[in-house]
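Please find below my notes on the model that you asked me to look over. They are set out as numbered points, to be read beside the sequence and the coordinates.

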Amino acid sequence: MDSNDEIVHDFAPLLRIYKDGRIERLLGTATVPPSDPDPQTGVSSKDLLISPSTAVSARIYLPKPPPPPQKLPILVYFHGGGFCIETAFSATYHPFLNSLAAEANVLIVSVDYRRAPEHLLPAAYDDCWAALQWVVAGSDPWLTEHGDFSKVMVAGDSAGANIAHQMAMKANGSDLSIYSAVLIHPFFWGVEPIGKEPKEPARRGFVEGMWKFVCPSSSGCDDPLIDPTAEGAPSLKELACKRVLVCVAEKDMLRDRGWRYYNALASSGWEGVVEMMESEGEDHVFYLINPTCENAGALLKRVAAFLNREGGPLL
């Protein structure tokens with residue numbers, strides 16, 4: 001075998017890195033064009049460049065806008081993929097965000113941030129913060145004509161949920177106002193096993209190795225970027241939004257971290273409202289893999305209801 005074909009980092013089923021520097025992404029490589037409009041949902045979408053210097057871009061989704069002077073809430077969405085696969089133009093995310101825009105009747109900005117290993121963390125965090133600022137500046141006519149800037153929300157799944165949390169923390173003390181946040185199957189981890197997390201070094205090592213791969217400057221899984229409940233982490237009381245929905249899946253290895261985050265936020269002294277949804281019998285991001293299943297429909301409706309609801313929790 002050619003020595004250049006030697007695998008130096010194997011993070012299957014996500015990606016592999018070869019000795020010659022070649023990057024083989026195993027998932028999330030298929031993309032689809034924007035829709036004008038999508039035949040199933042009636043949602044229109046288009047792609048825009050946010051930053052020429054970093055090539056950060058976005059796909060914007062616009063459901064049928066209400067008659068003036070009504071405006072649509074604005075949801076800034078961060079895709080998942082371990083900070084290293086998938087894009088805002090992915091065949092994985094386009095159908096889901098069309099459905100979410102239609103069900104929730106919100107204007108969605110899906111951010112295409114830079115990925116590892118070409119761009120290691122904190123590049124993705126920096127890109128998503130820049131994208132949030134771009135949104136609130138009203139940098140596109142769809143935003144200024146149809147967006148309600150008093151209701152700018154953030155959401156994401158897996159690594160994207162991690163990013164959504166970090167954006168809500170970073171917004172504290174800034175001029176940027178975040179109304180609510182949705183964290184779906186968040187990519188959080190820690191040094192010591194909790195709940196039903198695997199204890200075997202090999203299984204834990206995959207997550208820990210992936211984290212150090214995408215964020216080599218990190219101290220490890222005690223870093224607040226991957227464990228927001230770690231000792232010495234900034235207080236969750238500083239989360240700069242009014243409402244949070246955390247979604248977990250029963251069979252997901254990350255499930256107990258989502259519950260820990262929920263409980264820590266609820267007991268932190270934070271003055272907002274936090275809610276939890278658990279999908280029984282399901283695994284990580286199941287709704288993207290099997291979007292027509294009953295639990296995927298239930299999750300979509302719960303997220304949409306949360307985005308549209310004013311005030312307190314769903315009783």
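The points below take up the sheets, the hairpin, the backbone geometry, the cysteines and the enclosed spaces in turn.

1. On the basis of the work: this is a predicted model, in which local features need pLDDT of at least 70 and side-chain atom pairs count only at pLDDT 80 or more, while totals for chains, interfaces and linings use all residues. Residues are numbered from 1 along each chain as its sequence is written, and side-chain values use heavy atoms, with hydrogens and water left out.

2. On the sheet near the start of the numbering: helices (H or I, at least four residues) and strands (E, at least two) are taken as DSSP runs and numbered from the N terminus, and two strands are said to pair if DSSP finds at least two bridges between them. With these terms, an open sheet of 3 strands appears in the order 1-2-3, with antiparallel pairing. Strand 1 (7-11) and strand 3 (23-25) each have a single partner strand and stand at the edges, so one side of each is left without a neighbour in the sheet. From one strand to the next the twist averages 10°, where axes are lines fitted to C-alpha atoms, for helices over the stretch in contact, and angles between N-to-C directions run from 0 to 180 degrees.

3. On the pairing within that sheet and the helix across it: strand 1 pairs with strand 2 (residues 15-18) in the antiparallel sense over 4 bridges, and F11 stands opposite L15 in strand 2. Helix 5 (residues 201-214) lies across strand 1 and strand 2 and runs at about 120° to strand 1, contact being defined as heavy atoms within 4.5 Å.

4. On the hairpin: strand 4 (44-51) and strand 5 (56-62) run antiparallel and are joined by 7 bridges, with S44 opposite L62 in strand 5. The two strands form a hairpin with 4 residues between them, and A55 in the turn has a positive phi of about 65°, although A55 is not a glycine.

5. On the parallel pair: strand 10 (residues 243-249) and strand 11 pair in the parallel sense over 7 bridges, and V244 has V274 in strand 11 as its bridge partner. Strand 11 (residues 273-279) is mostly covered, since 5 of its 7 residues are buried, where buried means under 20% relative accessible area, exposed over 50%, and partly exposed in between (1.4 Å probe, protein chains only).

6. On the backbone beyond strand 11: V285 also deserves a look, as this residue has a positive phi of about 45° although it is not a glycine. V285 lies in the loop between strand 11 and helix 7, and with a relative accessible area of 14% V285 is buried.

7. On the cis peptide bonds: the bond from A116 to P117 is cis, with omega near 5°, and a cis peptide bond with omega about 20° joins L121 and P122. P117 is placed in the loop between strand 7 (107-112) and helix 2 (123-136), and P122 is likewise found in the loop between strand 7 and helix 2.

8. On the cysteines: which cysteine sulfur is nearest to that of C128? A disulfide is taken as a pair of cysteine sulfur atoms within 2.5 Å, and by this rule the count comes to 0 disulfides. For C128, which is in no disulfide, the nearest cysteine sulfur is that of C215, 14 Å away, and at 0% relative accessibility C128 counts as buried. C215 is in no disulfide either, the nearest cysteine sulfur being that of C221, 10 Å away, and C215 is buried, with a relative accessible area of 2%.

9. On the cavity: on a 1 Å grid over the protein atoms alone, a cavity is a set of points where a 1.4 Å probe fits but cannot get out, whereas a pocket is an open set with protein on both sides within 12 Å along at least five of seven lines, and lining residues have an atom within 4 Å of a point. Grid points are joined across faces, edges and corners, and a volume is the space filled by probe spheres set on the points. A search of the whole structure finds 1 cavity of 30 Å³ or more. The largest cavity has a volume of about 30 Å³, and its lining is made by F188, D227, P228, T229, R257, R260 and Y261.

10. On the pocket: the largest pocket holds about 700 Å³ of space and is lined by 25 residues, of which P13, L14, S158, H284 and V285 lie nearest its centre. Helix 5 and helix 7 (286-289) are the elements that give two or more residues to this lining, and helix 5 gives the most, with 3 residues.
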